[in-house]
Protein chains: 2
Amino acid sequence: MEGDPALRLRVFDLNCWAIRYLSKRRPERIRLIGDRLCQEGFDLVLLQEVWSERDYGDLKAKLGGCCPFSHYFRSGVIGSGLCIFSKFPILDTLLYQYSLNGYPYMLQHGDWFCGKSVGLAVIKISGIVFNVYVTHLHAEYCREKDAYLPHRVVQAWELLQFIRHTSKAADVVLLGGDLNMHPQDVGIRLLRCWTGLRDAFTETKRFEGCEDGCTLIPSNRFTVKSELQPFPLGIRIDYILYKAGSSFTVKCEELQTTTGTAPGTDIPYSDHEAVMATLHVQRTGQAAGVTPGTAVPALVEVLSEARTEVRVGLLAARRQRYSSGRMALLALLLLLLQAAAALGALAGLADGQPFPKLSFALLAFLALGVLLLATGLHLFHTIEVKMLQGTEEQMRMALGVLQERPGRS
Amino acid sequence: MEGDPALRLRVFDLNCWAIRYLSKRRPERIRLIGDRLCQEGFDLVLLQEVWSERDYGDLKAKLGGCCPFSHYFRSGVIGSGLCIFSKFPILDTLLYQYSLNGYPYMLQHGDWFCGKSVGLAVIKISGIVFNVYVTHLHAEYCREKDAYLPHRVVQAWELLQFIRHTSKAADVVLLGGDLNMHPQDVGIRLLRCWTGLRDAFTETKRFEGCEDGCTLIPSNRFTVKSELQPFPLGIRIDYILYKAGSSFTVKCEELQTTTGTAPGTDIPYSDHEAVMATLHVQRTGQAAGVTPGTAVPALVEVLSEARTEVRVGLLAARRQRYSSGRMALLALLLLLLQAAAALGALAGLADGQPFPKLSFALLAFLALGVLLLATGLHLFHTIEVKMLQGTEEQMRMALGVLQERPGRS
């Protein structure tokens with residue numbers, strides 16, 4: 001088999017920022033994205049934040065000629081926003097929804113409603129099995145005091161576990177998406193160490209695009225400038241990662257990003273820049289033995305760091321579970337006291353004294369409202385504690401297995 | 001490697017019916033289950049409906065000597081109820097929560113609150129990699145008019161997809177659990193056809209236990225007799241299924257079920273009977289090629305049947321989404337009308353006529369309650385429609401791939 005002609009694969013990844021009624025100039029941008037994809041003839045297109053099925057349908061119709069195969073991953077109330085277009089038939093798909101994804105009461109952030117997930121599509125190209133993953137993790141709204149860090153670390157852990165468990169028969173693994181993590185953040189180091197995925201930006205032979213490969217840049221008219229203030233060049237949070245199975249090599253020949261506006265227009269495709277990679281896949285002829293993985297001490301170190309973040313989250317979740325539970329109990333107590341007072345008044349114990357009906361009824365409604373709200377919060381934080389505990393335990397188990405293993409992974 | 005000594009593996013599976021405050025004689029039964037497991041020294045123990053972490057903790061403490069390795073799968077508000085005990089180290093775990101699991105407003109059934117899932121534990125025994133799955137699907141409350149059938153079929157599909165995608169590097173696949181399906185039901189045929197899993201009951205050389213291998217029997221004092229009336233012998237809904245990878249064979253030497261009471265006592269372990277299998281695993285020496293799978297026409301037939309069930313569910317879900325949406329709109333309209341009437345009264349348009357404050361306020365509260373409830377239902381059925389649609393699409397894709405493939409799977 002050695003000497004097989006190499007396969008060149010062009011991959012496009014973009015967070016499309018296509019929220020109906022909210023994202024600026026959405027229909028126009030979706031049209032521009034479709035035009036670009038048609039012109040360039042990518043082999044694989046991985047999109048995030050395509051929240052509207054109509055937008056997906058429009059893209060599907062437009063890409064019918066160049067990427068006739070596609071899949072839209074459905075989940076949650078609004079959807080996962082994830083979709084894949086491919087020049088080659090998609091043989092199978094699977095969706096894994098992350099167990100934690102922010103808080104329902106943080107309406108201004110809205111991540112909770114999106115059913116954030118990782119989607120897998122199995123695609124065979126020239127006899128080579130590609131496991132293609134597309135994902136979008138919880139956003140980071142404040143880097144200094146990031147309340148969502150434990151959730152994002154749990155998502156990174158679930159993502160890497162899902163990839164590890166589902167990719168064992170794949171010849172090539174590809175992951176594209178908006179990971180909402182800077183290259184040195186603990187979640188992405190965890191993901192890369194534990195899966196062996198390589199970052200197209202650091203591995204590429206040629207690069208063209210925004211400085212440092214940034215995908216959220218101040219010169220894009222749709223980015224929120226205040227959020228990017230500490231980073232004058234912008235930040236890199238959108239990635240194409242890849243890994244070869246034992247009988248293959250994958251190299252990144254070229255990586256490009258868009259640079260703020262769509263060619264020939266004055267608007268960008270999205271508030272994110274697109275990442276475009278040209279990969280070179282070659283069969284090596286024999287099962288070369290898996291490329292040496294990350295050394296055990298490095299795995300232990302990054303996992304311990306991630307576990308600390310999960311524990312910090314667990315402490316906070318326990319505190320919130322406790323205080324919402326206490327609030328619910330207090331509201332219940334108040335309601336019971338009111339019921340007793342009402343019964344007392346009915347029984348004529350306070351004869352002669354006027355009964356303050358209006359303020360009484362208002363207080364009862366207030367107490368009932370607080371009871372319902374606090375109970376809901378308590379249930380939500382109970383689930384949160386359970387999932388953080390479960391992840392912490394899985395991490396502990398993984399550390400145990402690692403520490404018993406001599407040498408390398 | 002041929003001639004390796006064969007591995008004998010004893011597997012125990014039981015739905016423990018251990019719901020705090022609700023299940024009869026729970027602490028006593030958990031003690032009896034622990035005693036039996038200690039006495040018999042099983043290699044793998046797969047339990048369902050262990051809802052209380054304290055019960056899990058008690059079992060863990062008791063089984064420390066014979067099954068020192070264990071994992072409790074956490075999910076949902078109440079939990080998944082799933083756990084695994086093993087004589088051999090558990091190397092890795094993963095949990096997949098089913099996307100549909102009944103209705104939150106069916107409080108009397110309660111499945112929705114349980115976060116029903118499939119748990120995977122990777123265990124290496126004598127150098128052989130076992131992927132061990134434990135699961136519990138949605139209950140069937142009325143066989144004639146089973147409103148949950150589409151959800152159970154979606155769960156069976158997600159279960160088989162999860163097993164197929166995660167077991168590719170496993171030497172042996174084992175699945176134990178309460179599938180809530182009779183052996184001829186579409187979901188279990190789908191699961192078996194598409195994964196190649198074999199049913200220990202039909203494959204075993206020796207069987208001892210309830211007639212027809214039933215696991216819910218009328219002579220168990222905890223079963224609901226009226227539900228079992230059409231089935232005088234009982235029903236078989238708890239299974240141990242297995243499959244060997246290409247270099248292995250697995251045979252079931254012996255299968256047993258409990259028969260109503262725990263030996264030496266007058267009470268059963270649970271309302272279900274336990275299933276106990278002795279498996280014989282042998283390395284065949286060479287990769288024998290995967291055992292011929294199910295023929296394509298059979299795969300197509302069972303998948304088409306399952307797809308029909310999903311479509312029936314989709315129609316029902318769409319109707320419910322529509323009617324809850326209409327109800328929410330009507331309630332909103334009523335509130336708006338009331339607001340207009342109140343404004344009119346304030347503006348003195350109906351001067352002289354008495355304004356019916358009490359009935360007005362009551363009506364407003366009623367309309368608000370209906371609005372909130374109907375909106376919640378509408379959102380829930382929107383998710384349901386999305387997930388049923390997603391599954392239907394995946395099934396359509398699988399049918400397409402099958403029909404393009406010549407010959408056998």
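**Exercise 1.** Is the crossing of α3(B) and α8(B) left-handed or right-handed?

*Solution.* Let us start with the ground rules. This is a predicted model in which local features need pLDDT of at least 70, side-chain atom pairs count only at pLDDT 80 or more, and totals for chains, interfaces and linings use all residues. Residues are numbered from 1 along each chain as its sequence is written, chains are lettered from A and ligands numbered from 1 in the order in which they are written, and side-chain values use heavy atoms, leaving out hydrogens and water.

Step 1: find helix α3 (residues 149–166) and helix α8 (residues 357–404) of chain B, whose axes come within 11 Å and cross at roughly 55 degrees. Helices are DSSP runs (H or I, at least four residues) numbered from the N terminus, and axes are lines fitted to C-alpha atoms over the stretch in contact, with angles from 0 to 180 degrees between N-to-C directions.

Step 2: the crossing is left-handed, meaning that the near helix is turned anticlockwise from the far one by less than a right angle.

**Exercise 2.** Work out how chain B relates to chain A.

*Solution.* Step 1: a turn of 180 degrees and a shift of 0.1 Å along the axis lay chain B on chain A with an RMSD of 0.1 Å. The fit is by least squares on C-alpha atoms of residues with pLDDT of at least 70 in both copies.

Step 2: this is therefore the relation of a two-fold axis.

Step 3: B:Thr166 has the C-alpha of chain B nearest the axis, 2.3 Å from it.

Step 4: the same surface serves both copies, as 100% of the contact residues of chain B (heavy atoms within 4.5 Å) recur in chain A.

Notes. Helices (H or I, at least four residues) and strands (E, at least two) are DSSP runs, numbered from the N terminus.
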